[in-house]
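Reader: Hi! I'm in my first year and still learning to read structures. Could you take me closely through the place where the two chains meet, and then show me a few spots elsewhere to compare?

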Amino acid sequence: MERLRRYGFVAGFLAVPLTLYTVFVISPYVQAFQLSLTSWNGYSSIVRYVGLDNFGRLLADEVFWRALRNHGILLLVLPLATIVIALLFAFLLNLGGGPRGAGMRGVWGSKFYRVVFFFPQVLAVAVVGVLFQAVYRPDEDGVVNGVLARFGLEPVGWLIEPDLALWSIIAVMVWQAVGFYVVLFSAGMAAIPKDYFEAAALDGAGRLRLFFSITLPLLRDTVQVGWIYLGIAAFDGFALIQVLAGDKGEPDGATTILPITIYNTAFSYQKVGYASAMGVALFFLTVTFAVLTLRTTRRERVEL
Amino acid sequence: MTHPGEITRRQLIRRIGMTALVAGPGAGLLGACATAGTGGGEPAPATSLPASANPKNPFGVDAKKPLEVAIFSGAYGDAYAKDLHEKLYKQTFPEAAITHTATQEIGTQLRPRLVAGDPPDVINNSGPKSMDLAALAAEGHLADLAPLFDAPSIDDPAKKVRDTVTPAVLTNANVTGKDLVLNYTVSHRALWYNAKLFADKGWTVPTTWEEFTALGETAKGEGILLFAYPGQKGPYYQLWNVLYTAAKIGGNQVILDIDNLVDNAWNAEPMKRAVTVWVDVQTKYGDKAYFGLDHTQTQIKQLQNKVLFYPVGSWIENEMAKDKPKDFEYAIAPIPEVTGSDQMPYGAIQVGVGENFVVAAKGKNPQGGLEYLRIMLSKEGARSFTELTKNVTVVNGAAEGVDLPAGLMSAARAQDKAGQNIITEARFEGWYKELFDYGTEQINVVMAGRITPEEFCANMQKKADAVKRDESVTKQTRSQ
């Protein structure tokens with residue numbers, strides 16, 4: 001009786017959020033799984049089951065594999081570049097100035113930089129996209145190409161050359177993400193007791209040594225979280241690529257990604273069943289990535 | 001003055017013959033094709049409405065029933081519906097409440113409502129997110145417009161609506177064997193240029209490909225590009241251009257074959273030739289930077305006289321009206337003679353009907369929907385549309401007395417000269433969107449020189465074959 005009352009109390013609080021979660025998160029997933037087994041076109045009331053046909057088609061779909069290749073590149077480059085740059089900045093902002101008095105300090109003007117780095121995070125992705133359209137514009141009216149033209153260089157088709165487009169977009173993604181991770185890592189660094197650094201500094205450790213022997217190991221958990229966030233972001237990129245590169249995967253499919261392919265397949269080509277199969281594939285890819293990352297980076301926690 | 005709607009009337013006789021052909025033996029065939037893709041083979045549910053004998057109210061509209069109108073707010077805006085057509089409806093039925101919905105995302109907003117059985121009565125199905133009409137038709141969501149075309153015209157009850165519009169409206173109304181769509185506007189597509197610039201420079205509009213490229217050399221000397229299209233937002237302008245050039249070289253059959261998914265239609269010689277000559281123009285007289293510009297940016301460049309010819313339709317004049325400088329006058333130029341023995345003589349242009357309107361069969365007031373369309377097709381409804389949007393409608397003679405801008409006048413004259421030589425529109429754009437989207441991607445690739453014209457044709461053929469094999473795609477055919 002006592003127990004029931006206690007659990008009833010807890011359940012009372014959980015009921016609403018759990019119901020909301022089930023209706024708005026779990027049930028669409030279940031529906032997507034169900035739809036992926038059909039040939040539904042989004043209009044008909046009669047839904048025809050086709051078994052695993054959609055998944056078979058997926059394996060033979062050139063566009064699907066192209067999208068996977070692009071996600072592969074994103075998955076390797078986006079987290080790595082963002083985390084390396086963010087760590088460097090965070091270190092410079094918090095500890096880069098060396099010891100002073102009783103603690104460590106950042107480089108000169110670090111408070112200002114911290115705010116500036118965070119700016120891109122505040123902008124909506126669509127705004128960032130439009131902004132970089134102007135930056136990457138392929139004629140001499142583009143921001144970058146305007147500068148190049150001053151030096152007598154030919155304008156570069158940042159978003160229209162197949163070899164450049166994805167990298168140009170990754171650069172924007174990194175630019176936008178770095179600020180957030182600088183703040184995240186800064187918080188992590190602030191949690192490291194200052195006396196560790198002082199002791200090491202007294203023993204004659206340089207900044208590099210401070211970073212690799214103390215900061216990085218003690219920041220491990222934060223970096224891991226960042227890695228997973230960025231990995232999941234690498235499976236998305238919908239809005240930015242939609243605005244910057246268009247939705248046809250131009251040029252030559254160099255910027256094709258799954259979310260846009262899913263969107264087009266479902267809403268332009270009316271193949272909701274097939275699009276759901278892609279969605280299910282994306283779901284498993286993301287989950288697999290998260291699980292793998294957590295598994296491979298699991299290690300003994302360092303007690304502070 | 002001459003008016004586009006009237007000019008096409010000359011083709012009426014020819015068209016009547018062809019319509020009879022389709023409506024006769026072809027109709028059964030079309031009906032069979034329509035549902036073959038959905039697997040069942042069952043006919044589309046009947047969506048006809050009973051007609052009434054009253055010529056003032058031929059559909060028997062309940063005067064008190066509310067009406068909902070959903071408009072795609074694109075290049076034409078939505079004021080023409082809100083301020084003109086809905087007001088006219090309100091004049092006829094003062095007690096009816098009208099709900100006006102304007103959106104740029106027609107499909108995203110309306111598809112769930114159609115599926116749920118709560119659609120707006122009149123839908124302007126346009127824009128990049130427009131709905132698949134064949135799929136809607138297969139589900140019986142679209143009201144049969146045959147009663148509308150057979151109803152007495154508002155201006156002259158002795159005439160049927162079908163006799164007051166450009167015949168292309170009737171052929172294009174057909175979706176999966178039934179008249180389900182009303183195309184409301186007429187547009188002219190070919191190459192657009194600045195007539196004043198040509199006059200200043202003393203240039204004449206090229207009629208052959210030699211003259212065209214020679215002008216390219218001259219213009220190059222003055223720092224002007226012969227030709228450009230917007231590679232980022234409007235690569236389909238160039239896909240159209242290539243298709244129309246192919247039709248000019250080999251006749252409309254080239255496009256009909258492509259629409260009908262005929263084997264090797266994309267590999268036809270005229271198609272290859274058309275792609276080749278345009279890639280050549282792009283290489284010699286184009287600028288690859290335009291692959292990364294959208295239509296507005298490209299059109300601004302043309303207004304600055306940095307581009308001579310731009311492949312687009314007659315809506316461009318209204319689209320750019322705000323930015324157009326005084327020394328710029330839009331004019332249309334037919335595609336120059338390519339081979340010297342093109343199937344269509346010089347002067348052939350594409351005259352198309354566009355801007356789809358449908359009535360929801362399962363809506364609350366389909367009768368009101370039909371009446372609304374009948375009002376749109378009245379002289380007053382059409383003329384006020386033309387006055388407001390500077391675009392000509394399919395209603396014959398409705399633009400008479402309207403002060404049309406120079407570009408539209410030029411288009412009307414070009415249509416007059418073209419006479420019977422009208423390039424047909426490619427309908428796979430609406431029928432097989434996947435193929436069309438693939439085409440807009442591939443046209444950039446071939447124009448940028450990353451694949452050869454032969455590879456372009458082969459790739460398109462491969463995709464067309466895949467669409468043909470794909471059972472989940474509803475197939476359609478056309479014979480003219």
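**Where chain A and chain B meet**

Author: Sure, let's start with the contact itself: 32 residues of chain B and 35 residues of chain A take part in it. Keep in mind that this is a predicted model. Between them, the two chains bury about 2,800 Å², and 45% of that is on carbon and sulfur atoms. On the chain B side, look for R111(B), E441(B) and R450(B), which lose the most area to chain A; together they make up 22% of what that side buries.

Now for the charged pairs. There are seven salt bridges between chain B and chain A. One you can find for yourself joins the side chains of D141(A) and K301(B), at 3.8 Å from N to O. It counts as a salt bridge because the cut-off for such a nitrogen and oxygen is 4 Å. As for polar contacts between chain B and chain A, the count is eight residue pairs, both residues being at pLDDT 80 or more.

Which elements of chain B give two or more residues to the side that touches chain A? They are α4 (106-115), α5 (133-138), α13 (295-303) and α19 (433-447). Helix α19(B) supplies the largest share, seven residues. If you sort that side of chain B by class, you get 10 nonpolar, eight polar and 14 charged residues.

Let's step back and look at chain B as a whole. Its secondary structure comes to 20 helices and 11 strands. Chain B has 480 residues, and 59% of them count as buried. If you take the contacts in chain B with a separation of 6 or more, 77% are between residues 24 or more positions apart.

A nice example to zoom in on is A247(B), which sits in helix α10 of chain B. Is A247(B) buried or exposed? It counts as buried, because its relative accessibility is 0%. Leaving aside neighbours within four places in sequence, A247(B) is in contact with N252(B), I255(B), M344(B) and I423(B). You can also compare A247(B) with I422(B): they are 175 residues apart along the chain, yet their C-alpha atoms are separated by 9.8 Å.

Next, the rings. Over all chains, the structure holds 49 aromatic pairs. Take Y229(B) and F291(B): their ring centres are 5.8 Å apart and their planes are at 65°, so this pair is edge-to-face. The two partners come from distant parts of the chain, 62 residues apart, with Y229(B) in the loop between β7 (225-227) and α10 (235-250) and F291(B) in the loop between α12 (269-285) and α13 of chain B. Both Y229(B) and F291(B) are buried. They also belong to a cluster linked by ring pairs, whose other members are Y193(B), F198(B), W203(B), W209(B), F212(B), F227(B), W278(B) and F309(B).

Over in chain A, try two helix residues side by side. S168(A) is in helix α7, residues 165-190, and F283(A) is in helix α13, residues 272-296. S168(A) counts as buried because its relative accessibility is 4%, whereas F283(A), with a relative accessible area of 26%, is partly exposed. Not counting residues up to four places away in sequence, S168(A) touches Y136(A), W158(A) and L159(A). By that count, F283(A) touches Y29(A) and F33(A). For a distance to check on screen, go from F283(A) to F235(A): the two are 48 residues apart along the chain, and 9.5 Å separates their C-alpha atoms.

Last stop: the backbone. Most residues other than glycine have a negative phi. Q270(A) is not a glycine, but its phi is positive, about 60°. You'll find Q270(A) in the loop between α12 (258-267) and α13 of chain A. With a relative accessible area of 7%, Q270(A) is buried. Chain B has a case too: N264(B), also a residue other than glycine, has a positive phi near 60°. N264(B) is in the loop between α11 (253-259) and α12 of chain B. Its relative accessible area is 47%, so N264(B) is partly exposed.

Key:
Residues numbered from 1 in each chain as written. Chains lettered and ligands numbered in written order. Predicted model: local features only at pLDDT ≥ 70, side-chain atom pairs only at ≥ 80, totals over all residues. Heavy atoms only, no water. Contact = heavy atoms within 4.5 Å. Buried area = accessible area lost by both parts, 1.4 Å probe. Polar contact = N/O pair within 3.5 Å; in protein donor to acceptor, adjacent residues only side chain to side chain. Helix = DSSP H or I, 4+ residues; strand = E, 2+ residues; numbered from the N terminus. Nonpolar A, V, L, I, M, F, W, Y, C, P; charged D, E, K, R; others polar. Buried < 20%, exposed > 50% of the residue type's maximum accessible area, 1.4 Å probe, protein only. Phe/Tyr/Trp six-rings, centres within 6.5 Å; stacked < 30°, edge-to-face > 60°.
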